[in-house]
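Biologist: I would like to go through this protein with you. Can we start from what its nonpolar and aromatic residues do in space?

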Amino acid sequence: MHSYEPRHGHGLAHDPLNSIVAPRPIGWVSTRSAAGVVNLAPYSFFNLFNYSPPVVGFASTGWKDSVANVRETGEFVWNLATVALAEQMNATSAPVPADVDEFALAGLEPAPSTLVAPPRVAASPAAFECRLSDVVRLKDAAGREVDTWLVLGEAVLVHLDERVLVDGVFDLLAADPLLRAGGPGDYFTLAPERRLRMTRPGA
């Protein structure tokens, strides 16, 4: 058994934490600054945290443009990253100046949102228009602040491509999401033969 205290290092070729907690959905977040500059960036620390109201969140290591824009305007859009959009998603992870439009950089068409200012990724089959709930700076167990911010937002409008709705059910396989799996650059996809259905006890 390889055991280690993270504060002393892992002693491996690559930090295993984000490979263990995987695969994870990608927080492909579009924002707009108060000056009107559009930003689009992927975050691998992302998830859904509540049903009603629906609350999603992403964590940014370092105070990046996405966090600054959300704090400034109170709005963002989460876009589902799919296998078909993998290369474009990866292109939006480039470290570029704040005045660079990642939609244009990655050759993506923006689609206007309805209730918030940031645009959606037009080719994405699912998107959440979100309003800021909270920005939380993370702390360690000793109460010391770390250079990571958790951004939480309420999804106030959900967009779903009708092609991924089957008999009123969102078909995740049809959407073909791209999932982050740790390592230097590992991603995974879903396959129907890997589906496992279980009924909750008492259901």
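The questions below concern a predicted model and deal with cores, a surface patch and aromatic pairs.

Biologist: Which strand gives the most residues to the largest nonpolar core?

Modeller: In soluble globular proteins, nonpolar side chains tend to be buried together. Here the largest nonpolar core has 20 residues. Strands S3, S5, S6, S9 and S10 and helix H2 each give two or more residues to this core. The top contributor, with four residues, is S9.

Biologist: Which residues does valine 56 contact, leaving aside its neighbours within four places in sequence?

Modeller: Val56 is among the core members that touch the most other members. Phe76, Phe128, Cys130 and Val151 are on that list too. The contacts of valine 56 include those four. The full set is Phe46, Asn47, Leu48, Phe49, Phe76, Phe128, Cys130, Val151, Leu152 and Gly153.

Biologist: How many residues are in the second, separate core?

Modeller: Ile26, Leu40, Ala81 and Leu178 are included in this second core. It is separate, and its residue count is twelve.

Biologist: Is isoleucine 20 buried or exposed?

Modeller: Isoleucine 20 lies in helix H1, residues 17-20. With Leu17 and Val21 it forms a nonpolar patch on the surface, and together they have about 310 Å² of accessible area. The cut-off for exposed is over 50% relative accessible area. Isoleucine 20 has 60% relative accessibility, so it counts as exposed.

Biologist: How is the pair of phenylalanine 58 and phenylalanine 76 classed?

Modeller: A pair of aromatic rings is described by the distance of the centres and the angle of the planes. For phenylalanine 58 and phenylalanine 76, the centres are 5.6 Å apart and the planes stand at 80°. Planes over 60 degrees apart count as edge-to-face. So this pair is edge-to-face.

Biologist: How many residues apart in sequence are the parts that this pair ties together?

Modeller: Both phenylalanine 58 and phenylalanine 76 are buried. Phenylalanine 58 lies in strand S5, and phenylalanine 76 lies in strand S6. The parts tied together are therefore apart in sequence by 18 residues.

Biologist: What angle lies between the planes of tryptophan 78 and phenylalanine 128?

Modeller: Tryptophan 78 counts as buried because its relative accessibility is 7%. It sits in strand S6, phenylalanine 128 sits in strand S9, and the two are 50 residues apart. Their ring centres are 4.7 Å apart. The pair is tilted, with an angle between the planes of 50°.

Biologist: Which residues form one aromatic cluster?

Modeller: The structure holds five aromatic pairs. Some rings also group into a cluster, and its members are Tyr43, Phe58 and Phe76.

Technical notes
Residues numbered from 1 in each chain as written. Predicted model: local features only at pLDDT ≥ 70, side-chain atom pairs only at ≥ 80, totals over all residues. Heavy atoms only, no water. Core = buried A, V, L, I, M, F, W, Y, C linked by side-chain atoms within 4.5 Å. Buried < 20%, exposed > 50% of the residue type's maximum accessible area, 1.4 Å probe, protein only. Contact = heavy atoms within 4.5 Å. Patch = residues over 30% accessible without salt bridge, like charges linked within 9 Å, V, L, I, M, F, W, Y side chains within 5 Å. Areas by Shrake-Rupley, 256 points an atom, 1.4 Å probe, with all protein chains shown as cover. Salt bridge = Lys/Arg side-chain N within 4 Å of Asp/Glu carboxyl O. Phe/Tyr/Trp six-rings, centres within 6.5 Å; stacked < 30°, edge-to-face > 60°.
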